[in-house]
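Dear colleague,

Please find below the structure that I am handing over to you, with its sequence. My findings follow directly after it.

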Amino acid sequence: MTAIAHSPSIQTAPSTRARLRTYAYWAATLTLAFTMTSGAYGEFTHQYGTLETHTILGYPTYFLTLIATWKVLGSAAILAPGFPRLKEWAYAGMFFNMSGAFISHLVQHDNGAAGMHLIATGGILALVVASWSLRPQSRTLPSH
């Protein structure tokens, strides 16, 4: 009998677990980018609910344009290939933005109907963490 040696140069198909992780990463990342970009649209156009919420929380209206700009840039950064350091900064900015929004709503007792402001900001925060933690190696900073 002859044993067949496996050559290290032969690439095997990714495991089911690796494929599921990739699908989960892209689902979380695309949902996050869409959510951030659509939120930015509401902030850029000063939609009534968005403007009212910022006023209730005590933020100046010029914050809407500032936050919207960073949301669009951050979404582009996490979707673009390459630029792993920029992605780290984008994820950090999204984390600070959404955790700050969650805490602001909580402190001001502006929970919304059935706690929707807390659920929405907490859910987006979870998407940020999921997208960041599921990133493939090619989208992370190299470890030294």
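Beyond its neighbours within four places in sequence, His 105 is in contact with Thr 53, Leu 57, Asp 110, Asn 111, His 117, Leu 118 and Thr 121. Please note that the model is a predicted one. His 105 belongs to helix 4 and has a relative accessible area of 6%, so this residue counts as buried, the cut-off being under 20%.

His 105 is also among the residues through which helix 4 meets helix 5. On the helix 4 side, the contact further includes Tyr 91, Met 94, Phe 95 and Phe 102; on the helix 5 side, the participants include His 117, Leu 118, Ile 124, Val 128 and Trp 132. By class, this contact has 13 nonpolar, 6 polar and 1 charged residues. The two helices pack at an angle of about 160 degrees, with their axes 9 Å apart. Because angles over 145 degrees count as roughly antiparallel, helix 4 and helix 5 are described in that way. Their crossing is left-handed.

The largest nonpolar core has 13 residues, of which Leu 32, Met 36, Ile 78, Tyr 91 and Met 94 touch the most other members. Two or more residues each come from helix 1 (16-44), helix 3 (62-79), helix 4 (84-107) and helix 5 (116-133), and helix 4 gives the largest share, 4 residues. Leaving aside neighbours within four places in sequence, Leu 32 is in contact with Ile 78, Tyr 91, Met 94, Ile 124, Leu 127, Val 128 and Ser 131.

With kind regards

Technical notes:
Residues are numbered from 1 along each chain as its sequence is written. This is a predicted model: local features need pLDDT of at least 70, side-chain atom pairs count only at pLDDT 80 or more; totals for chains, interfaces and linings use all residues. Side-chain values use heavy atoms; hydrogens and water are left out. A nonpolar core is a set of buried Ala, Val, Leu, Ile, Met, Phe, Trp, Tyr and Cys residues joined through side-chain atoms within 4.5 Å. Buried means under 20% relative accessible area, exposed over 50%, partly exposed in between (1.4 Å probe, protein chains only). Contact means heavy atoms within 4.5 Å. Axes are lines fitted to C-alpha atoms, for helices over the stretch in contact, and angles run from 0 to 180 degrees between N-to-C directions. Angles under 35 degrees count as roughly parallel, over 145 as roughly antiparallel, 65 to 115 as roughly perpendicular and the rest as oblique. A crossing is left-handed if the near helix is turned anticlockwise from the far one by less than a right angle, and right-handed if clockwise. Ala, Val, Leu, Ile, Met, Phe, Trp, Tyr, Cys and Pro count as nonpolar, Asp, Glu, Lys and Arg as charged, and the others, Gly among them, as polar.
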